[in-house]
Amino acid sequence: MMFKREARTVLAAISLFALTGCDPAPSDTEPPQDQAAHTFAGRLVGCAGVAEGFGRDWVVQPYGKFEVLLGDVSALPISSLRVIRPGTMVTRDYLPDRLNVTLDENDVVSKFHCG
């Protein structure tokens, strides 16, 4: 009788260990998944869609031209726009609907990404 109770306890502990081992907690250094990267008819929408579209048209273009064309960002599905130049200090907070524009040392657009 005692053996069956101990066996059940051991089996329960192994099962609990196996279940918790399958879903590790995310580390602090990994950004969360982009919640704005939803698709509609096979295309990205939200910030991810904006980043993809601008990336196709504006990477390797001067930022000055992009800035003039962009004008008011309130019509876009983003909460804010952050321009990141070489040496710019940026916060590590993750905002899924913030569009980041990364520039090189010549103020040429090198990347668009959300976060």
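**Group meeting: aromatic pairs, a three-stranded sheet and salt bridges**

A search of the whole structure finds 5 aromatic pairs. Before I go through them, one caution: this is a predicted model. I'll come back to confidence later.

Let's start with Phe54 and Phe66. Their ring centres are 5.0 Å apart, and the planes stand at 80°, so this pair is edge-to-face. Where do the two residues sit? Phe54 is in helix H2, Phe66 is in helix H3, residues 63–70, so the pair ties together parts 12 residues apart in sequence. Now accessibility. Phe54 has a relative accessible area of 17% and is buried. Phe66 comes out at 1%, so Phe66 counts as buried.

Next, Phe54 and Phe112. Here the centres of the rings are 5.6 Å apart. The planes are at 45°, so we call this pair tilted. Helix H2 holds Phe54 and strand S5 holds Phe112, so this pair ties together parts that are 58 residues apart in sequence. Phe112 is buried, with a relative accessible area of 9%.

Now put the rings together. Which residues form the aromatic cluster? Phe54, Trp58, Tyr63, Phe66 and Phe112 form one cluster. So keep Phe54 in view on your screens, because Phe54 is in both of the pairs I just described, with Phe66 and with Phe112.

On to the sheet. There are 3 strands, in the order S3-S4-S5. The sheet is open, and the pairing is mixed. Which strands stand at the edges? Strand S3, residues 80–84, and strand S5, residues 109–114. Each has a single partner strand, so one side of each is left without a neighbour in the sheet. As for twist, neighbouring strands are turned by 20° against each other on average, with direction ignored.

Look at the S3 side. S3 and strand S4, residues 98–103, run parallel, and 5 bridges join them. One position to find: Ile84 stands opposite Thr102 in S4.

How does helix H2 lie on this sheet? H2, residues 47–58, lies across S4 and S5. Relative to S5, H2 runs at about 170°. Recall the ring pair here: Phe54 of H2 and Phe112 of S5.

Salt bridges next. How many are there by this rule? The count is 3.

Take the helix one. Glu52 bridges to Arg56, with the closest N and O atoms 3.3 Å apart. Both residues lie in helix H2, 4 residues apart, about one turn of the helix. Glu52 is partly exposed, at 38% relative accessibility. Arg56 is exposed, with a relative accessible area of 55%.

Then Asp107 and Arg85. Their side chains meet in a salt bridge at 2.9 Å, N to O. Asp107 sits in the loop between S4 and S5, Arg85 in the loop between S3 and S4, so the pair ties together parts 22 residues apart in sequence. Asp107 is partly exposed, at 29% relative accessible area. Arg85 is partly exposed too, at 35%.

That leaves Asp93 and Arg98. The closest N and O atoms of this salt bridge are 3.4 Å apart. Buried or exposed, for Arg98? At 7% relative accessibility, Arg98 counts as buried. Asp93 is partly exposed, with a relative accessible area of 37%.

Now confidence, as promised. The chain averages a pLDDT of 74. Of the residues, 63% score at least 70. Which elements mark the two ends of the range? Helix H1, residues 2–22, has the lowest mean pLDDT among the elements, at 45. S5 has the highest, at 96.

Two stretches deserve a look. Over residues 1–5, pLDDT is below 50, and this stretch has 0 contacts in the model beyond near neighbours in sequence. Over residues 10–36, pLDDT stays under 50 as well. For that stretch the model has 15 contacts beyond four places in sequence.

To recap. One aromatic cluster includes Phe54, Phe66 and Phe112. The open sheet runs S3-S4-S5, and helix H2 lies across S4 and S5. There are 3 salt bridges by this rule. The lowest mean pLDDT among the elements belongs to helix H1. That's my part.

Notes. Residues numbered from 1 in each chain as written. Heavy atoms only, no water. Pairing = 2+ DSSP bridges. Axes fitted to C-alpha atoms, helices over the stretch in contact; angles between N-to-C directions. Contact = heavy atoms within 4.5 Å. pLDDT = per-residue confidence, 0-100. Phe/Tyr/Trp six-rings, centres within 6.5 Å; stacked < 30°, edge-to-face > 60°. Buried < 20%, exposed > 50% of the residue type's maximum accessible area, 1.4 Å probe, protein only. Salt bridge = Lys/Arg side-chain N within 4 Å of Asp/Glu carboxyl O.
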